[in-house]
Each structure stands twice: as structure tokens, then as C-alpha cells.
Amino acid sequence: MDPTIRERIGAERRAVVASLWTFVLFNMLFRDIHEFLRPGAIEEFMSTSVAEGTLLASGVALTLFISMIVLTRVLPYRATRWANLAVAGVALGGMAANAPRDVDDVWFLAVEVVGLLAIIWLSWTWRPQAESAVHAGALGVRAP
């Protein structure tokens with residue numbers, strides 16, 4: 001019998017959380033690209049002055065979000081769990097500070113928030129025993 005979604009998530013939590021980071025980041029990227037299609041957006045971007053410190057902070061935050069894809073897969077259990085909780089919280093805070101401009105922004109923001117809330121929920125409910133189930137499940141052996 002095929003495992004349920006809950007069993008699959010429990011056994012492959014690292015992969016699921018890393019995939020959610022990828023999902024959220026693709027939505028962030030396409031939200032930004034999609035913004036260029038808004039009438040007047042390019043002119044607005046060209047006329048806006050942004051401080052170097054703000055650009056650096058944004059770049060560091062984005063690099064941190066991207067690194068969570070790999071860090072979720074390689075860090076030890078406890079570090080992975082807390083890093084995901086912290087970085088997803090930072091991402092949610094950044095999204096709250098950046099109000100949507102139009103309807104499609106609302107859509108992308110909603111999808112990103114759902115993805116980040118899923119990361120937070122999966123990280124918060126993550127327990128060490130789920131880690132041992134990964135190895136048994138990957139081999140097709142049922143853990144007792």
C-alpha cells in the first residue's frame with residue numbers, strides 16, 4: 001500500500017521543506033518579474049533611489065532564503081529546525097513590510113505566505129524520531 005501524504009511528509013521532511021523553499025523562491029522571483037509588466041513600473045524603478053545599505057540588506061536576505069534550500073538538507077536536525085523557523089519568520093516580516101501594489105501581487109503574496117507558513121508548521125512539528133524513519137522508509141523497510 002502506498003504511504004499517505006502525512007507519512008511521506010514525515011519520512012521525507014527535509015526534502016519537503018527544501019522543496020517548499022524552492023517553491024516560495026520561484027514565486028518571489030516571478031512576482032518580481034511580473035511586476036515589470038505593470039504599466040509605469042520600469043519608469044518608477046528607474047526614478048527611485050535606493051540606498052546601498054538597503055540593497056545590501058535585501059541581497060543578504062535573499063541569499064539567506066536561497067541558502068535554506070541547501071541548509072535544510074545538510075544541517076543537523078536541531079540547527080535545521082531552528083534555522084527554518086527563524087528564516088521563514090524573517091521572510092514573512094519582509095513580506096509584511098512590502099505591501100502589494102495590485103491584484104496579481106496579492107496572489108503571489110498569498111501563495112508565498114502559505115508556503116512559508118507550511119515551512120514554519122513543518123519545522124515546528126519536526127521531531128527527531130522522524131529523522132530515523134527516513135532511512136528505514138527509503139529502503140522500503142517499515143520501522144517498528
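Helices (H or I, at least four residues) and strands (E, at least two) are DSSP runs, numbered from the N terminus. The model is predicted, so that local features need pLDDT of at least 70 and side-chain atom pairs count only at pLDDT 80 or more, while totals for chains, interfaces and linings use all residues. Residues are numbered from 1 along each chain as its sequence is written, and side-chain values use heavy atoms, with hydrogens and water left out.

**Exercise 1.** Work out which pattern the chain follows along its sequence.

*Solution.* Begin with the secondary structure, which comes to 7 helices and 0 strands. Read along the sequence, the pattern is then α-α-α-α-α-α-α.

**Exercise 2.** Compare the span of helix 4 with what is expected, and then describe its kink and its buried residues.

*Solution.* The expected span of a helix is 1.5 Å times one less than its number of residues. Helix 4 (residues 52–74) has 23 residues and should therefore span 33 Å, which agrees with the 32 Å between its end C-alpha atoms. Next, look at Met68, on which a kink of about 40 degrees is centred; the bend at a residue is the angle between axes fitted to the seven residues ending there and the seven starting there. Met68 is also one of the buried residues of helix 4, together with Phe65 and Thr72, where buried means under 20% relative accessible area (1.4 Å probe, protein chains only). Finally, the cover over these buried residues includes helix 2 (13–35) and helix 5 (77–97).

**Exercise 3.** Describe the largest pocket by its volume and its lining.

*Solution.* A pocket is an open set of points on a 1 Å grid over the protein atoms alone, where a 1.4 Å probe fits, with protein on both sides within 12 Å along at least five of seven lines; lining residues have an atom within 4 Å of a point. The largest pocket holds about 1,300 Å³ of space. Among the 31 residues that line it, Arg31, Asp32, Ser58, Gly94 and Asn98 are the closest to its centre. Helix 4 gives the most to this lining, with 9 residues. By type, the lining divides into 18 nonpolar, 6 polar and 7 charged residues.

**Exercise 4.** Decide whether Asp105 is buried or exposed, and find what Asp105 touches.

*Solution.* First locate Asp105, which is found in helix 6. Its relative accessible area is 3%, and therefore Asp105 is buried. Leaving out residues up to four places away in sequence, Asp105 touches Arg31, Glu35 and Pro100, a contact being heavy atoms within 4.5 Å.

Technical notes:
Buried < 20%, exposed > 50% of the residue type's maximum accessible area, 1.4 Å probe, protein only. Points joined across faces, edges and corners; volume = space filled by probe spheres on them. Nonpolar A, V, L, I, M, F, W, Y, C, P; charged D, E, K, R; others polar.
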